[in-house]
Every structure is written in C-alpha cells, then in structure tokens.
Amino acid sequence: AINLLAFLYVNIYVPDYIEIYGFSSDSFAGGRYINVLTAMFMHKNVLHLAFNMTLLFFLGKEVERKTEDFGFLVIYFLSGLIANLGVLLLPSIGESTTVIGASAAISGIIGYGAFRLSGNWVFSPLTFIPLPMPFIAAGAMYFVLNFAGLLLFDLPSVGHLVGGIIGAGFGLIGE
C-alpha cells in the first residue's frame with residue numbers, strides 16, 4: 001500500500017521525484033541520507049510498480065506467513081537498504097546512477113523464501129502466467145533472470161542480486 005500511495009503522490013505532486021527521492025552516490029555525498037530509504041518506495045512507471053507488487057503479492061505472502069510481520073519487515077528493509085547502499089561500493093555503476101524501486105527489498109524476500117521455504121509451493125509470476133512451483137525453483141529462476149539481465153543486457157540487476165543474497169543469508173541462518 002505504501003508503494004502505491006508513494007507512486008500516486010509523487011506522480012501527481014512531485015515532477016522530479018526520482019532526482020529528489022532516488023538514491024545515488026551523489027545524493028549521499030550531498031547529505032540526503034534518507035534517500036537510501038525513500039528510493040525503495042519510488043517507481044519509474046506503472047509497469048515497474050506493477051511487476052514489483054505482483055512479485056511481492058505472490059511470493060511475499062508465503063514469507064510473511066513464515067516470519068510474521070516483524071521478521072518480514074526486517075528482511076524487507078535490510079535487503080533493500082543494504083542493496084541500495086551497494087551503489088556506493090560499485091565503481092562500475094558510477095556517480096550518475098540513481099536507484100529506485102522495491103526490487104532489491106523484494107529480492108531479499110525471494111532469497112529468504114528460496115532457502116527457508118524451499119519446498120513450499122508458490123505461484124510464481126516469473127513465467128508471466130503465475131504457475132505453481134516450489135519456492136526454490138521460483139528463487140532460482142529469479143536469480144538466473146537477473147544474472148542473465150546483468151550479463152547479457154546490462155540491466156540494473158545488481159541491486160536485485162545483492163538484495164537476494166541478503167535475504168538468502170537470513171534464510172540460511174533462520175532469521
């Protein structure tokens with residue numbers, strides 16, 4: 001709900017919202033530290049928001065049942081925050097890259113589920129028609145798609161991969 005409300009608000013009232021609320025090494029150097037958090041609620045367009053919320057709905061609800069509210073939020077926020085901070089550590093991204101979206105946080109949820117709920121069956125929207133599959137298969141498919149996107153198409157998948165690794169770490173240690 002927060003992602004949807006933030007998207008509606010900034011698209012109606014804040015014309016330069018990506019520059020204002022997105023996270024980059026420039027925003028960090030400029031003292032806008034809160035942007036590491038606000039960037040998690042900004043989305044470029046309706047398709048970006050819809051894809052993230054679809055993943056969160058189909059895969060996140062299983063994780064939320066397992067972790068209950070507080071554990072879910074810890075995994076979600078730490079995965080997103082750490083992945084966003086990764087922008088500061090990756091010289092190949094450069095200072096001009098601004099990250100936005102809930103993808104890294106959702107990747108953390110998927111990483112957690114792939115290890116902690118590996119045998120649970122979920123409907124995975126990664127096939128564009130949600131198909132039932134074990135969570136480990138959905139997690140593996142998500143990782144492969146992001147890794148391929150990074151290598152083959154130079155898509156901004158680094159945050160997705162870092163978020164997934166953070167979530168997987170939570171899954172491996174059991175929260």
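A residue is called buried here when its relative accessible area is under 20%, exposed when that area is over 50%, and partly exposed in between, with a 1.4 Å probe and protein chains only. By that rule Glu62 is buried, because its relative accessible area is 16%. The structure is a predicted model, in which local features need a pLDDT of at least 70 and side-chain atom pairs count only at pLDDT 80 or more, while totals for chains, interfaces and linings use all residues. Residues are numbered from 1 along each chain as its sequence is written, and side-chain values use heavy atoms, with hydrogens and water left out.

Confidence comes first. The chain averages a pLDDT of 89, and 93% of the residues score at least 70, pLDDT being the predictor's confidence in each residue on a scale from 0 to 100. Among the elements of the chain, the highest mean pLDDT, 96, belongs to helix H4 (residues 35–38), and the lowest, 86, to helix H7 (residues 135–153). Helices (H or I, at least four residues) and strands (E, at least two) are DSSP runs, numbered from the N terminus.

From there one can turn to the interior. The largest nonpolar core, a set of buried Ala, Val, Leu, Ile, Met, Phe, Trp, Tyr and Cys residues joined through side-chain atoms within 4.5 Å, has 30 residues, and those with the most contacts inside it are Leu55, Leu59, Val63, Tyr76, Ile106, Ile110 and Phe135. Two or more residues of this core come from each of H1, helix H5 (46–85), helix H6 (103–116) and H7, and H5 gives the most, with eight residues. When its neighbours within four places in sequence are left aside, Ile106 is in contact (heavy atoms within 4.5 Å) with Asn52, Met53, Leu55, Leu56 and Tyr76.

Helix H1 shows both a buried and an exposed residue. Asn3 is found in this helix and counts as buried, because its relative accessibility is 5%; leaving aside neighbours within four places in sequence, Asn3 is in contact with Met40, Phe41, His43, Leu49, Met53, Tyr76 and Ala102. Ile12 also lies in H1, which covers residues 2–13, but at 60% relative accessibility Ile12 counts as exposed. Together with Leu4, Leu5, Leu8, Tyr9 and Tyr13, Ile12 makes a nonpolar surface patch of about 680 Å². Such patches are made of residues with over 30% relative accessible area and no salt bridge, like charges being joined within 9 Å and nonpolar side chains (Val, Leu, Ile, Met, Phe, Trp, Tyr) within 5 Å, and the accessible areas come from the Shrake-Rupley method with a 1.4 Å probe, only the protein chains shown counting as cover for residues.

Glu62, with which this account began, lies in helix H5. The structure holds one salt bridge, a term that requires a side-chain nitrogen of Lys or Arg within 4 Å of a carboxyl oxygen of Asp or Glu, and here the side chains of Glu62 and Arg65 meet at 2.7 Å, N to O. Because they are three residues apart in helix H5, these two partners are separated by about one helical turn. Arg65, at 56% relative accessibility, counts as exposed, whereas Glu62, at 16%, counts as buried. Outside its neighbours within four places in sequence, Glu62 is in contact with Leu117, Asn120, Trp121, Val122 and Phe135; Phe135 is 73 residues away in sequence, yet the two C-alpha atoms are 9.1 Å apart in space.

Two loop residues complete the picture. Gly22 lies in the loop between helix H2 (17–21) and helix H3 (25–29) and is buried, with a relative accessible area of 1%. Not counting residues up to four places away in sequence, Gly22 touches Tyr17, Ser27, Asn35, Ala39, Thr98, Val99 and Ile100; the C-alpha atoms of Gly22 and Thr98 are separated by 5.8 Å, with their positions 76 residues apart along the chain. Lys44, in the loop between H4 and H5, is exposed, with a relative accessible area of 59%. Lys44 touches Phe7, Tyr17, Ile18 and Ile100, again not counting residues up to four places away in sequence, and the C-alpha atoms of Lys44 and Ile100, 56 residues apart along the chain, are separated by 7.5 Å.
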